[in-house]
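Biologist: Can you pull up the model so that we can go through it together? I have some short questions.

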Amino acid sequence: MEILLASAVGILTASGVYLILRLRSFPVILGLSLITYAVNVFLFATGRLAVGAPPILNKYAEVAYTDPLPQALVLTAIVISFGMTAVVVMIALGAYLSARHDKIDMTSADEAGDDA
Amino acid sequence: MNHLLIAPVVLPAIVAPFIVMALRHHLQLQRVFSVGSSVLLSIITLALAVQAADGTIQIYELGNWSAPFGIVLVLDRLSAMMITLTALLGLAVALYAIGSGWDTRGRHFHALLQFQLMGILGAFLTGDAFNLFVFFEVLLIASYGLMIHGGGAVRLQAGVQYVVYNLLGSTLFLFALGTLYSVTGTLNMADLAVRVAEMPADDTALLRAGALMLLLVFAIKAAVLPLHFWLPASYANAPLPVAALFAIMTKVGAYSILRIYTLVFGPDVAATAGIVTDWLLPAAMLTLAAGAIGVLGAREIGRLVAFGAIASMGTLLIAISLFTAEAAAAALYYTLHSTLAAALMFLVADQVMERRGGAIVATGPMPQSGLISALFFAGAIAMAGMPPLSGFLGKLLVMDAARDADLVWWIWAVILAGSLITIVGFARAGTEIFWKSHDASISAAPAETSTDADPDPEDAPSGALALVVIFGLVAGLALLTVFAGPVSHYTEATAAQLFDPAAYINAVLGSAK
């Protein structure tokens, strides 16, 4: 399971980085989403992998349990990355509608041009 | 527990949604609440600074959960100094935005400003690494809104770049925190410090990877050289009053470096000793060089000041990366100075933009040319580090603190040459903008390259309040110079506290034992 999870994180990150380097806003946003998936899985794994174990201590019996803190961290990270993705989609949409193209990089003509 | 400690986070967190929900159609009331909140924040943070000045470290346990199980806010001298600076800068920007009419050019300026202040103040106060991430996100998401305030194609494009870059930075932050958690099992900074110090030196590969990844994240925020590309385009295309507020955002990165790498991965920790200085010092020197060259090459006034800000971050990080108490004291003095100086220059640049456009070419005289050029002159002197303003004292302190470093000649050479190039760059820009514009032969052939942002008559040159704010910042720099003695005593005490992490750890974890 460790190999499966580690390679999942690795492949998601690699695909995300590849997509971010595409310099068009749609692939870049997809790439960002993939990387946030990767980081969520990674955070989840930082509490060690345990199958079928609840994140609850039982004071009456010796039971297997899993670390609850990474689950809380992942929850926070998911909420934040979801919100951030919504923001970047809106800003990219605004940029696309006002500039009539969805290139991420700015040409020198844009930078020197009118900032209207 | 002292409940005043949470007020800098809670107050803007209440005022901002109130402005959005109840006052969205009442600009005048928005202004009243925004300024009122900023004034209150300034008073609260000053009160906290007075409380922290005697060296006690106060903690605030959220929900009364004791550390390391709950999140704590920690107020020491460093936090108190940074939150006071932030609140005063926030007040200046709020007043300037009102005076110059920037808050009428888009919606929700004041709400976003309050959210931004909440994020920055929280980041300075928190004692928990994951909570630091959360406050980073709060300040970033507000900065995204402020960055594209007023709209426009180029600004939105620059905004997309800025957002994407910072989202990547946030992801890296999470990777770093995950790595640290998997090794140490905690994210409370004081608890991290204890656990890291206990780790055997031969089994720390993951820990070092996490420490360096964290450094990378803070370096992105602080615009250190190979990671600084986001800054010029974002700051130059953001509304310039917002860029003035962003002058504190790079300091959040510098603060985090100073905090984490003195407290958790301090100079005495065997596992990570030296790795930060080895990377940060050369990068800081290159940052200074790149900033100075950028100042010389800038063709647009927003970009000029943005590169000036990068150069000042270089000087600041040189001092931080030495990791001695003396250098940290110098760095803190320079932080105060460079925040005010960068904000001043961005506001002056905004005045110039409003009157004649941002291009650094002679285009004919502008209204109030003498006044604006005098302010530009004062700001340029401060930013380049010339006497008599505080930039000179700050650079002197930094260079004096570097006296015992291994690379002392390199550091001195880079700082002095960088200052010289910066002076030349600002002098060239000032000559083009203010002097040559009075040349009759040039003013006869007006502006074909003018990049005037808004020819709209509604946005005509701004009123007295904007100029009052600029003069206030100049006065702040002058006060910083006149009271350099007391201020540097305070920063020395702050640095001493910073390099004695035991007190911090005791204050945070003491209640748990």
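**Surface, core and salt bridges**

Modeller: To start on the outside, A:Met90, A:Leu93, A:Tyr96 and A:Leu97 make a nonpolar surface patch of about 410 Å². Patches are made of residues with over 30% relative accessible area and no salt bridge, where like charges are joined within 9 Å and nonpolar side chains (Val, Leu, Ile, Met, Phe, Trp, Tyr) within 5 Å. Accessible areas come from the Shrake-Rupley method with a 1.4 Å probe, and for residues only the protein chains shown count as cover.

Biologist: What kind of model is this, and how are things numbered?

Modeller: This is a predicted model, in which local features need pLDDT of at least 70 and side-chain atom pairs count only at pLDDT 80 or more, while totals for chains, interfaces and linings use all residues. Residues are numbered from 1 along each chain as its sequence is written, chains are lettered from A and ligands numbered from 1 in the order in which they are written, and side-chain values use heavy atoms, with hydrogens and water left out.

Biologist: Back to the patch. Where is A:Leu93 found?

Modeller: A:Leu93 is in helix α3 of chain A, residues 68-99. Helices (H or I, at least four residues) and strands (E, at least two) are DSSP runs, numbered from the N terminus.

Biologist: Why does A:Leu93 count as partly exposed?

Modeller: Because its relative accessibility is 43%. Buried means under 20% relative accessible area, exposed means over 50%, and partly exposed is in between (1.4 Å probe, protein chains only).

Biologist: Now the inside. How many residues has the largest nonpolar core?

Modeller: That core has 220 residues, and B:Phe218, B:Tyr261 and B:Phe376 have the most contacts inside it. Helix α13 of chain B, residues 325-356, gives the largest share of this core, 21 residues. A nonpolar core is a set of buried Ala, Val, Leu, Ile, Met, Phe, Trp, Tyr and Cys residues joined through side-chain atoms within 4.5 Å.

Biologist: Which residues is B:Phe376 in contact with?

Modeller: Leaving aside neighbours within four places in sequence, the list includes B:Ile301, B:Met345, B:Phe426 and B:Phe434. Contact means heavy atoms within 4.5 Å.

Biologist: And B:Phe218, which helix residues are buried along with it?

Modeller: In α8(B), the buried residues include B:Leu214, B:Leu215, B:Val217, B:Phe218 and B:Ile220. Helix α8 of chain B (residues 205-222) has 18 residues and reaches 25 Å from its first C-alpha to its last, close to the 26 Å expected at 1.5 Å a residue. The expected span is 1.5 Å times one less than the number of residues in the helix. After α8(B) comes B:Ala223, with a positive phi near 60°.

Biologist: Change of topic. How many salt bridges are there over all chains?

Modeller: The count is 7 over all chains. A salt bridge is a side-chain nitrogen of Lys or Arg within 4 Å of a carboxyl oxygen of Asp or Glu. One of them joins the side chains of B:Arg31 and B:Asp103, at 2.8 Å from N to O. B:Arg31 lies in helix α2 (residues 27-52) of chain B and B:Asp103 in the loop between α3 (77-100) and α4 (109-125) of chain B, so the pair ties together parts that are 72 residues apart in sequence.

Biologist: Are those two buried or exposed?

Modeller: Both B:Arg31 and B:Asp103 are buried.

Biologist: Which residue does B:Asp76 form a salt bridge with?

Modeller: B:Asp76 pairs with B:Arg259, and their closest N and O atoms are 2.8 Å apart. This pair links distant parts of the chain, 183 residues apart: B:Asp76 is in the loop between β2 (72-75) and α3 of chain B, and B:Arg259 is in helix α10 (residues 240-263) of chain B. B:Asp76 is buried because its relative accessible area is 3%, and B:Arg259 is buried at 4%.

Biologist: What about B:Arg105?

Modeller: B:Arg105 forms a salt bridge with B:Glu354, with the closest N and O atoms 2.9 Å apart. B:Arg105 is in the loop between α3 and α4 of chain B and B:Glu354 in helix α13 of chain B, 249 residues apart. B:Arg105 counts as buried at 15% relative accessibility, and B:Glu354 is buried at 11% relative accessible area.

Biologist: Last one. Where does B:Ala284 lie, and what does it touch?

Modeller: B:Ala284 lies in helix α11 (residues 275-297) of chain B and is buried, with a relative accessible area of 0%. Beyond neighbours within four places in sequence, B:Ala284 is in contact with B:Gly314, B:Leu317 and B:Ile318.
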